[in-house]
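Let's take a friendly look at a salt bridge, a pocket and the confidence of a model. Keep the structure in view as you read.

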Amino acid sequence: MKKIVKRRKPNRSVVGDVVIYFLLFLIALAMVFPLVFAVSSALKPLDELFLFPPKVFAQNPTMDNFQDLFVTMGKSWVTFSRYIFNTVFITVIGTAGHLIIASMGAFVLAKYEFPGSKLFFSIVVTALMFNGYVTAIPNYLIISKLGWIDTYWAIIVPAFAAPMGLFLMKQFMEGLPMSLVEAAMIDGASRWKIFIQIIMPNVKPAWLTLIIFSVQNLWNNKAATFIYSEEKKTLVYALQQIQSGGIARTGQAAAVTVVVMVVPILIFVLSESQILETMASSGLKD
């Protein structure tokens, strides 16, 4: 009788796994190092900021840099809370409008055909190739003709029409099966109901990513080209004026770096798990 020999499945290479995890660790270390160094620099006293070679971690951590920053901001004739309000208002309204307009436009372009739809999307794709520096002068001329110079709308309204959001949402919505929309229409759902209750929940990773990009762009927008009144300027502009104050304000400049980057990072950290979870659970195909 022939013996039946069971072949064992080859074990995964332990060495290969170790190499992969080691490479991932190095990549993670390289990505987190700038953040750690920025926070550590903000906690260093002034004498440690000028050490050479510089040390990564603060030897005598202190909050004096942040206290000095708030004292300097408090001496401005425009209150610190006013700068905060300007930035939050521009960021929230601009992001909300961008999300709504980009989502509705992407839904129509992805799921319906109409005359000129391909041409319109081609224009959107072409707009992605232009840098903001190239379109700065045309934007200024248009906003000036509309009478929006030195107003919040000079920053908010152009954010509504950012082409990246429309492109991102359309490409993601095209992955959803049209049969899902048709089934909802057979059940009597209106297009608005289909958009709100079916499409948007299934493209959650896309609009969360859009929110991250939009918040990062608007929060870091100095708005110096369009807004001249001090009481309407953004927080980033005010902080960068302090940051350019010379050697005496080196510690405050380090604190400014942390204050500017903390909001986009927090939004990314809070939404990252939801993006990954939704991407893993959503994958509807025809």
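At 40% relative accessibility, Glu 174 is partly exposed, because that class lies between buried (under 20% relative accessible area) and exposed (over 50%), with a 1.4 Å probe and protein chains only. Its partner, Lys 170, has 7% and counts as buried. The two form a salt bridge, their closest N and O atoms being 2.2 Å apart. The term asks for a side-chain nitrogen of Lys or Arg within 4 Å of a carboxyl oxygen of Asp or Glu. The structure holds one such bridge.

| Residue | Relative accessibility | Class |
|---|---|---|
| Lys 170 | 7% | buried |
| Glu 174 | 40% | partly exposed |

This is a predicted model, where local features need pLDDT of at least 70, side-chain atom pairs count only at pLDDT 80 or more, and totals for chains, interfaces and linings use all residues. Residues are numbered from 1 along each chain as its sequence is written, and side-chain values use heavy atoms, leaving out hydrogens and water.

How confident is the predictor? The mean pLDDT (confidence in each residue, from 0 to 100) of the chain is 80, and 87% of its residues reach 70 or more. Among the elements, helix H13 (residues 250-281) has the lowest mean, 72, and H7 the highest, 90.

Now to the largest pocket, whose volume is about 1,400 Å³. Of its 36 lining residues, the closest to the centre are Gly 132, Thr 135, Asn 139, Ala 162 and Asn 217. H11 gives the most to this lining, with six residues.

Definitions and conventions: On a 1 Å grid over the protein atoms alone, a cavity is a set of points where a 1.4 Å probe fits but cannot get out, and a pocket is an open set with protein on both sides within 12 Å along at least five of seven lines; lining residues have an atom within 4 Å of a point. Grid points are joined across faces, edges and corners, and a volume is the space filled by probe spheres set on the points. Helices (H or I, at least four residues) and strands (E, at least two) are DSSP runs, numbered from the N terminus. pLDDT is the predictor's confidence in each residue, from 0 to 100.
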